[in-house]
Amino acid sequence: MVLNEGSVTMKLLASVTTCLLVAAFTAVSVEAQENVLTRVAPSMLECYENAQIFERDNRLPMTMNMLIELIRKVEDSPGFQQDIRQLAISMLHRFRQDGIVRAPGVTSMSGVIPFSPTEFQFTKHRVLFSRLLPGNAVNFPNATLSLDERCALHFMLSNSIDRRVRGDENVRCSQLSQYRAARVPRELDFKGGSRFRTNYLGDNEMLAQPEMDRIREHIKKIKNKSASPARLEMDPDEEHLDENGEPEEVAVEEEPQEEPIEAAGEDEESPGEPLEEEDGSLVEIGDVSQVVDIASNAISACPVENGVVYTPWGSVMAGTVLAGIAAGLEPQTVQLRDLVSRSDQYRSRQVQPLRVDNRWAATLSGDLAEVTLLDAPSVGNNVQVGAAGAWNRTVAPRWYFLSQRERLQMTDTEIRAGIDGLLLATNIAEWRSRANNLRLSQLLDMYYSQRGVFNDTVRSCNRRDLFTTVAPMQQLRDQTVSFSTVLDKEMQMPFTITQDAIVNFADRATDALANYIPSALNDLSCEATAIVMNDPTVWRSASDLYIFVDAAWPHRDAYSVVSNILDSVDVGRFGTTYTILNARDGSVIVNTTQFLSDFHLTYTAQRHETLPTGLNIPNVFRRLREETNALMAAERRNNSLSGRSKIALVIVNTDRVSEGDTNFAIQHLQIFREEVPDLRFLYLAAGDPGRFNRFVREERRDVFPLRELESGSVVDTIRVQLSPVIRRIQEEPRRVVNPRCGHDWVQENWGSNSMNQFVEPRGVNFYRLHPNYFFQQGNNRRFRIQGHGFASLTVCHSRWVERPRQNTTENRDSIQCRQINTDAYDIDLSNACDGHSVIHTCPPLFVSVEGPPNPPTIIRCSEPECRFPDNARYAIVLDNMGCFSGAGRTVGTLLVAMMAALVSVLHFK
């Protein structure tokens, strides 16, 4: 057959073009998937090149709340249109790179970053993201997040284990081993002086931050006095101390730094690391010659695990959870021959056809495969999974320490994340079919909470009970064998194993996991973490919160207290906004915001040191007057009925209030009551809190003690102390105001005002309307709850019960309730203060709106204001409300009293 010359040329050209296109596509794919490269991904280098960013104690807290906030910030960015699948994939490819550790003996210098993904976790990571979870981060909106926030996501999502000696092992590791053995509240006397107190439960906490800080500071002092070759982990320019032992400000070179901890005493049998007592004296110190070079091959007895985030129901590996979600949104079942190279396929033909499910490989089977290949061959029948750990603190946690230094292929955080990720992967398709616009932040927010994902079954506190349901043993075995076979072809190991051995070891690893979860994974139950015992109600906070901080408190104490409060009151655009101010001069420390990250990045120890100490009530009141006036003026401009409570929390050390300031406070409280009737003052004070009883409306509810946080006290103690304060903030009803009044209480027109509100299944919102808006008689004056047909809602109201509910057992006669759906619930207020001559004797109107006990069949809440897809929307409507305030008369009376007092004084003279 004779071929046409032109045809041959065209075919040849087509073949060459095809090859070039394939090559180009492959090159683009490899470049786009930069997180599978065998070096730190270019987009992640920014987290290792900046000393301040890399420093662990400068990072944002490693918590699920913070992770959800950062994800929500991306979702809320202008023009963002990615769905949950696209965002999950792009986030993982942009920020996750497992196995990154520091190279021993390599110093940081120009052009050299001494970090690379060389740990065993990277092999699995590379297989997952190059073959089972392909994608890229080309469309991720990087500009939405700051450098601190981007690196926080990288450190939250990337798994590795830092095994290097830090210098605090003698104290920290012994603490961890004891609390690992007995997870109950206890105290430990150390050296007869310093006391370490903890309430270690699950993986919560091991050692107080003050103790950790003191250990690290003292190790630096040892280094300064020693001629040994010890040095900082990353930078030779260590932090210098002044004559008081405090850090001096020094110039920092633009090169990576890590946690400024010297490597000290390798000898784990020594009695403990040096501690500085409160009086400045030192506990007995080990031999300075024990300080070693961190570049040595010494292994810490309690390594630091990276990529862990804290939740009340056990800490988890966040990257694994997101990988499970991504796999569930794009499930793949791939034959083994498509995942291994041709040279390895001859071995796979010798066994029955194997298939890898990416949902399992990204979660439980992926970690079990590492146990199968790296642990089982060296231990025979004694295969082990699980490694417990503890945080340095559970408020703003940043250090997660493991209880052992060997056999870390599947730690407790990976087990929890594996179960969670598989649960989410298995159910995500069904959930998304019910809520097509389901967001990634919504999914995590529901699962890691008391409410659960569209029911109270699938939630993190139930993971142990759900394990056998979501992971049937035979399927778990099969998937572990399949992925172990793939990983065996990719991982460098010091031995070679047969396929029969892989099957055997995978069975042992699976059995070990099945035995470990019910016996050793002792996480808090749903009941133990309920806000109100035996009450399934989901409580949410929505406040305008003003926190005045007395800088006489040490920064670590003030920071811990405020951080714990903010973490518990639903900070965000769906709930609470907050402002942090100084209690002495009223200056703003953190501007009004709805982001937790603003507090952690702004309220630093350096900022705290510049603040004046003590309490000045007149300055606090003057500043609060300015803040509330601005808020009420904004409500008038925006026609806003508020929908959030207004609370001023004053955190005081030991300052007392002078008699003159006391008189000032009592007089101006009356003005606040007239001008800002919904404002509530709360005091959290050291010493005798009763000294503030005269400055609140209800001294039994609004004044709280705050015991001094001694050296060694831990954050669980802080949690116990702050629990009543947080509960009080949650209980305060949300404001409903007539926005036409503003801050001057001058009403220029009448009419109707409304706002949309949302309530979730098993949730309840409480509201209060003060008599200042309905004191005098008015025609057609009413408060209306208008249903929008999203669900059946229970509406109750009362004039005497602050939180009226249908199932209450007290004061039932003074509570009226009715269910609504598309109809309305009207409350007539035309003559609601009849018989009352002054506003203060007329009781407010209290209203509650309670969601259904179960999610509606049709989930339809898709607007940006919906915190969850199963929220039910309704409207609050105010008709013909007035503006009644005695503020002018009160101010006039006070001025007359002050002038009379002044005349009396002058006359006396």
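**Figure 1. Residues 206-212 and 888-909, where confidence in the predicted model is low.** Over residues 206-212 of this predicted model, pLDDT (the predictor's confidence in each residue, from 0 to 100) stays under 50. The model nevertheless has 37 contacts beyond four places in sequence for residues 206-212, a contact being heavy atoms within 4.5 Å. Residues 888-909 also have pLDDT under 50, with six contacts beyond four places in sequence. Where pLDDT is low, the predicted coordinates should not be read in detail. For the protein, the mean pLDDT is 82, and 78% of the residues reach 70 or more.

Residues are numbered from 1 along each chain as its sequence is written, and side-chain values use heavy atoms, without hydrogens and water. Local features need pLDDT of at least 70 and side-chain atom pairs count only at pLDDT 80 or more, whereas totals for chains, interfaces and linings use all residues.

**Figure 2. The open sheet of six strands.** The strands follow the order 15-14-13-16-17-18, with mixed pairing. Helices (H or I, at least four residues) and strands (E, at least two) are DSSP runs numbered from the N terminus, and two strands pair if DSSP finds at least two bridges between them. At the edges stand strand 15 (588-593) and strand 18 (703-705), each pairing on one side only. From one strand to the next, the twist averages 15 degrees. Strand 13 (residues 543-549) is joined to strand 14 (residues 577-582) in the parallel sense over six bridges. In this pair, I547 stands opposite I580 in strand 14.

**Figure 3. Helices 20 and 23 against the sheet.** Helix 20 (residues 555-566) packs on the sheet and touches strand 13, strand 14, strand 16 (645-652) and strand 17 (679-685). The direction of helix 20 makes about 175 degrees with that of strand 13; axes are lines fitted to C-alpha atoms, for helices over the stretch in contact, and angles run from 0 to 180 degrees between N-to-C directions. Helix 23 (residues 617-638) lies across strands 13, 14, 15, 16 and 17, at about 160 degrees to strand 13.

**Figure 4. Length and burial of helix 24 (residues 659-675)**. At 1.5 Å a residue, the 17 residues of helix 24 should span 24 Å, which agrees with the 24 Å between its end C-alpha atoms; the expected span is 1.5 Å times one less than the number of residues. Buried residues (under 20% relative accessible area, with exposed over 50% and partly exposed in between, for a 1.4 Å probe and protein chains only) of helix 24 include F664, L669, I671 and F672. In the protein, 59% of the 909 residues are buried.

**Figure 5. The surroundings of R407.** R407 is placed in the loop between strand 12 (400-402) and helix 15 (412-434). A polar atom of the R407 side chain lies 2.4 Å from the backbone oxygen of N382. Apart from neighbours within four places in sequence, R407 is in contact with D375, V379, N382, V383 and Q384.

**Figure 6. Two loop residues with positive phi.** R762, in the loop between strand 20 (752-759) and strand 21 (764-769), has phi near 70 degrees, a positive value in a residue other than glycine. R762 is buried, with a relative accessible area of 15%. N780 lies in the loop between strand 21 and strand 22 (782-787), and its phi is near 55 degrees, a positive value in a residue other than glycine. N780 counts as exposed, at 61% relative accessibility.

How values were computed: A polar contact is a pair of N or O atoms within 3.5 Å; within protein, one must be able to donate a hydrogen and the other to accept it, and residues adjacent in sequence count only if both atoms are side-chain atoms.
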